[in-house]
Amino acid sequence: IDEITNNWMPRAIAVSDLNLNTAKLRIGQLEHAYTFDEARMRSQEEDIINLIDEINNNIDTYEKLKRESEEQGLYSKLEGDHYNRFLNNWELYQDLSFTIFALSRQNEKQEAVELLNSKAKETASIGGSALNSLVTLSKRNSLNAANRASTTFYEMRNFTIAVLLGTIFLSIVIATALVRRITDPIAQLE
């Protein structure tokens with residue numbers, strides 16, 4: 001239960017937040033590319049910068065949880081592969097984002113949209129796929145840990161019941177032996 005609540009679930013939440021924020025980033029970039037109003041563009045630029053910061057915070061959170069899970073032996077090579085695939089694509093997507101941003105600011109909207117719908121879309125898709133794989137893997141690992149916790153609970157409950165029954169039986173045997181040890185000499189005296 002501790003593994004689930006302190007590690008796997010927070011990692012799954014961090015990955016879900018990453019997925020959500022990267023999707024919001026793509027939407028914000030598309031809106032920026034189609035906007036011609038200067039005030040609206042500035043507002044969208046602030047939103048995009050905040051989303052990038054949020055994504056980097058999500059990555060930092062995941063990295064911290066990853067280190068903790070590695071120390072506990074809970075982090076698998078497969079999970080690391082999926083995460084590294086996302087991270088590599090995120091770095092590439094950030095580079096593309098700066099290019100898209102520059103094109104959009106220079107009113108080369110068509111080029112920005114084409115880049116968003118080609119290379120950036122492909123990169124985001126690969127990164128999103130890696131994040132979905134991480135969520136699925138975390139879900140499966142959490143369910144396995146929950147099943148282990150359930151099995152342990154039932155095994156301990158059965159063990160406790162067996163010890164209780166054994167203690168009751170042993171108490172009856174000892175009580176009977178003590179009663180006979182006391183009553184037999186009294187019966188002989190009579």
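Biologist: Patches are made of residues with over 30% relative accessible area and no salt bridge (Lys or Arg side-chain nitrogen within 4 Å of an Asp or Glu carboxyl oxygen), joined within 9 Å for like charges and within 5 Å for nonpolar side chains (Val, Leu, Ile, Met, Phe, Trp, Tyr). Which residues form a nonpolar patch on the surface here?

Modeller: I161, L164, L165, I168 and I172. Together they have about 470 Å² of accessible area (Shrake-Rupley, 1.4 Å probe, only the protein chains shown as cover). This is a predicted model, where local features need pLDDT of at least 70, side-chain atom pairs need 80 or more, and totals for chains, interfaces and linings use all residues. Residues are numbered from 1 along each chain, and side-chain values use heavy atoms, without hydrogens or water.

Biologist: Where is L165 found?

Modeller: In helix α5, residues 119–189 (a DSSP run of H or I, at least four residues, numbered from the N terminus).

Biologist: Is L165 buried or exposed?

Modeller: L165 is exposed, because its relative accessible area is 53% and the cut-off is over 50% (buried is under 20%, partly exposed in between).

Biologist: New topic. Which helix holds F101?

Modeller: Helix α3, residues 77–105. With a relative accessible area of 33%, F101 counts as partly exposed.

Biologist: And what does F101 touch?

Modeller: H32 and E45 (heavy atoms within 4.5 Å), not counting residues up to four places away in sequence. As for I48, 53 residues from F101 along the chain, the two C-alpha atoms are separated by 9.7 Å.

Biologist: What about Q94, buried or exposed?

Modeller: Buried, at 14% relative accessible area. Q94 also sits in helix α3.

Biologist: Which residues is Q94 in contact with?

Modeller: I52 and N56, leaving aside neighbours within four places in sequence.

Technical notes
Helix = DSSP H or I, 4+ residues; strand = E, 2+ residues; numbered from the N terminus. Buried < 20%, exposed > 50% of the residue type's maximum accessible area, 1.4 Å probe, protein only.
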